[in-house]
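Biologist: I'd like to learn how to read a model like this one. Can we take it feature by feature?

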Number of protein chains: 2
Amino acid sequence: MSRKLSPDERAAQLRELNGWKSVANRDAIERSIEFADFNEAFGFMTRVAIKAQEMDHHPEWFNVYNKVHITLSTHEINGVSELDFQFARFVDSIMKNG
Amino acid sequence: MSRKLSPDERAAQLRELNGWKSVANRDAIERSIEFADFNEAFGFMTRVAIKAQEMDHHPEWFNVYNKVHITLSTHEINGVSELDFQFARFVDSIMKNG
């Protein structure tokens, strides 16, 4: 079972990532990403969806045209675990290669 | 250019659809759909994404695991047009076949 990260652990992990922050009124992290167009945005979502299924860890996300907003938390512990940061690092890695 | 539907036209079209309603504080229509799991939800989203690109008319949508929430409006007229109902009918048609 996943373990909820301490505030210090979370802060340390957030500092290593691009554009992720804690959600204001919830125990979760979030990132907004803007793409050139819908094709790029949904292509990105498809890569993330396949990874999510592989990890059995799924995002909450919103898309409109070229914008994607992702929220991550670990439901079974109702908070942020190492799994969310693994997921966030995957998202960042395909942003760089995309 | 798309034309904003009259309240009567919109109401008549909504009556013919499954599960769509007007959004409370906005000139748009919405539907929530629940699938068996993430695989089915994202498979549905992929079919809708391809259609959206073909129609050059894109949804606002939110997904978490097996749930998808879709909001439709026509940005250039800041309201609901025939295009949104074409889109909604496509969504409903793949729900029936899915």
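Biologist: How do β3(A) and β4(A) pair, in the parallel or the antiparallel sense, and over how many bridges?

Modeller: Strands of a sheet pair through backbone hydrogen bonds, either parallel or antiparallel. Here β3(A) and β4(A) pair in the antiparallel sense, with 5 bridges; one partner couple is A:Asn63 and A:Val68 of β4(A). Two strands pair if DSSP finds at least two bridges between them, and strands are DSSP runs (E, at least two residues; helices are H or I, at least four), numbered from the N terminus. The two strands form a hairpin with 2 residues between them, and A:Tyr65 in the turn has a positive phi of about 45 degrees.

Modeller: Some ground rules: this is a predicted model, where local features need pLDDT of at least 70, side-chain atom pairs count only at pLDDT 80 or more, and totals for chains, interfaces and linings use all residues. Residues are numbered from 1 along each chain as its sequence is written, chains are lettered from A and ligands numbered from 1 in the order in which they are written, and side-chain values use heavy atoms, leaving out hydrogens and water.

Biologist: What is the order of the strands in the open sheet?

Modeller: The sheet has 8 strands, in the order β1(A)-β2(A)-β4(A)-β3(A)-β3(B)-β4(B)-β2(B)-β1(B), with antiparallel pairing. At the edges stand β1 (21–22) of chain A and β1 (21–22) of chain B, each with a single partner strand, so one side of each has no neighbour in the sheet. Inside chain A, β2(A) and β4(A) (residues 67–72) share 6 antiparallel bridges, and A:Glu30 has A:Thr71 as its bridge partner in β4(A).

Biologist: Which strand of chain B does β3(A) join?

Modeller: β3(A) is joined by 5 bridges to β3 (residues 60–64) of chain B, and the two run antiparallel. For instance, A:Trp61 has B:Asn63 as its bridge partner in β3(B).

Biologist: How much area is buried between chain A and chain B?

Modeller: The size of an interface is often given as the accessible area lost when the parts come together. Between chain A and chain B that buried area (accessible area, 1.4 Å probe, lost on being put together, summed over both) is about 1500 Å², with 71% from carbon and sulfur atoms. A:Phe38, A:Phe42 and A:Trp61 supply 35% of what chain A buries against chain B, more than any other three residues. On the side of chain A that touches chain B, the elements giving two or more residues are α2 (38–55) and β3 (60–64) of chain A, and α2(A) gives the most, with 8 residues.

Biologist: And how are the two copies related by a turn and a shift?

Modeller: Chain A can be laid on chain B with an RMSD of 0.0 Å by a turn of 180 degrees and a shift of 0.0 Å along the axis (least squares on the C-alpha atoms of residues with pLDDT of at least 70 in both). That is the relation of a two-fold axis. In chain A, A:Phe62 comes closest to that rotation axis, at 2.1 Å (C-alpha).

Biologist: How many salt bridges are there between chain A and chain B?

Modeller: Side chains of opposite charge can pair when their charged atoms come close. The rule is a side-chain nitrogen of Lys or Arg within 4 Å of a carboxyl oxygen of Asp or Glu. Between chain A and chain B the count is 0, while the structure holds 16 over all chains. One of them joins A:Arg31 and A:Asp92 (2.6 Å, N to O). That pair links distant parts of the chain, 61 residues apart: A:Arg31 lies in β2 (residues 29–34) and A:Asp92 in helix α3 (residues 82–97), both of chain A.

Terms used: Buried area is the accessible area (1.4 Å probe) that two parts lose on being put together, summed over both.
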